[in-house]
Amino acid sequence: IANTGKATLEGISVTSSNSSVFAISGVPTSLAAGESQEVTITMDANTVGDLYSDITVSATDMTDVVFTVTGTVLPTGLSVIDFEDNLLPARWENTGWTFSNGAAYASYSPSPYTMTTPRVVVSDGDLFVIKAKLEYYSSSYYVTVKGLDENDNEVYSRKLSDNVLNNTSYNPVLLSNVPTTVKKFQFVGYYGYIDEIQGITY
């Protein structure tokens, strides 16, 4: 926090809307003109999920400043499906993904390539992680995770583009709130790579 004004800033407070997960420390009660102080926001790494909190900075005679902090804590101990053998997993269906360097890759196609699992089991509260990246950093390219029901109707979809993926390293993305009606997962790619998928059970 920096006081860029000409008078002492009094009554400073910094609060978190999700204080049980995002703790705040180092808040000064006042700052003289020209002074600044670092405030620390610490996220509880024992809480699994996509986490966020609105942080409000307030002081006497100052308009509140509100911003959002986010973080993701990944679950541990999930089952892992990878492509280390450069092969499609057993009983999966594939319309064009290729396999090399321990990853699955979908290039350009007028009809985007798909990989579909056999029947899976999804229970309430299940979490899944997909490690993916893009060939090029562009909003036009993506990896989409779809959930299909008994009749292969889409009941879940999460599109991963340049908002969460990059083209230099595999980024783990947490998938939550997947409905129990999902009986298959389908991975749709357009210039996208998948390194690993965690949490799928048959």
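Guide: Before we start, contact here means heavy atoms within 4.5 Å, and the structure above is a predicted model.

Visitor: Okay, so with that meaning of contact, what is Phe-185 in contact with?

Guide: Setting aside its neighbours within four places in sequence, Phe-185 is in contact with Met-115, Thr-116, Thr-117, Val-120, Val-122, Phe-128, Val-145, Lys-146, Val-178 and Ile-200.

Visitor: And which residues touch the most other members of the largest nonpolar core?

Guide: That core has 35 residues, and Phe-185 is among those that touch the most other members, together with Trp-97, Met-115, Ile-130, Phe-187 and Ile-194. The elements giving two or more residues to this core are strand E11 (103-106), strand E12 (113-116), strand E13 (128-134), E14, E15, strand E16 (171-175), E17 and strand E18 (192-198). Another core, of 8 residues, lies apart from it, and its members include Val-21, Leu-51, Ile-55 and Val-69.

Visitor: You mentioned E14 and E17; how many bridges join them?

Guide: Strand E14 (residues 142-148) and strand E17 (residues 184-190) run antiparallel and are joined by 7 bridges, and Lys-146 stands opposite Gln-186 in E17. Both strands belong to an open sheet of 5 strands, ordered E9-E12-E17-E14-E15, with antiparallel pairing.

Visitor: Which are the edge strands there?

Guide: They are strand E9 (93-94) and strand E15 (154-160), each of which pairs on one side only.

Visitor: What holds paired strands together, generally?

Guide: Strands of a sheet pair through backbone hydrogen bonds, and they may do so either parallel or antiparallel.

Visitor: Changing topic, what is the order of the open sheet with 3 strands?

Guide: Its order is E2-E6-E7, and here too the pairing is antiparallel. The edge strands, each pairing on one side only, are strand E2 (13-16) and strand E7 (62-73), while the twist from one strand to the next averages 20 degrees. Strand E6 (residues 49-59) is joined to E7 by 10 bridges, and Tyr-52 has Thr-70 in E7 as its bridge partner.

Visitor: How many helices and strands does the chain come to?

Guide: The secondary structure comes to 0 helices and 18 strands.

Visitor: And what about the overall dimensions?

Guide: Taken along the principal axes, the C-alpha atoms fill a box of roughly 70 × 35 × 30 Å. The chain has a radius of gyration of 22 Å, whereas a compact globule of 202 residues would have one near 17 Å.

Visitor: What share of the residues is buried?

Guide: Buried residues make up 40% of the 202 in the chain. The chain exposes about 10,800 Å², of which carbon and sulfur atoms supply 45%.

Technical notes. Residues numbered from 1 in each chain as written. Predicted model: local features only at pLDDT ≥ 70, side-chain atom pairs only at ≥ 80, totals over all residues. Heavy atoms only, no water. Pairing = 2+ DSSP bridges. Helix = DSSP H or I, 4+ residues; strand = E, 2+ residues; numbered from the N terminus. Core = buried A, V, L, I, M, F, W, Y, C linked by side-chain atoms within 4.5 Å. Buried < 20%, exposed > 50% of the residue type's maximum accessible area, 1.4 Å probe, protein only. Axes fitted to C-alpha atoms, helices over the stretch in contact; angles between N-to-C directions. Rg over C-alpha atoms; globule rule 2.2 N^0.38 Å. Areas by Shrake-Rupley, 256 points an atom, 1.4 Å probe, with all protein chains shown as cover.
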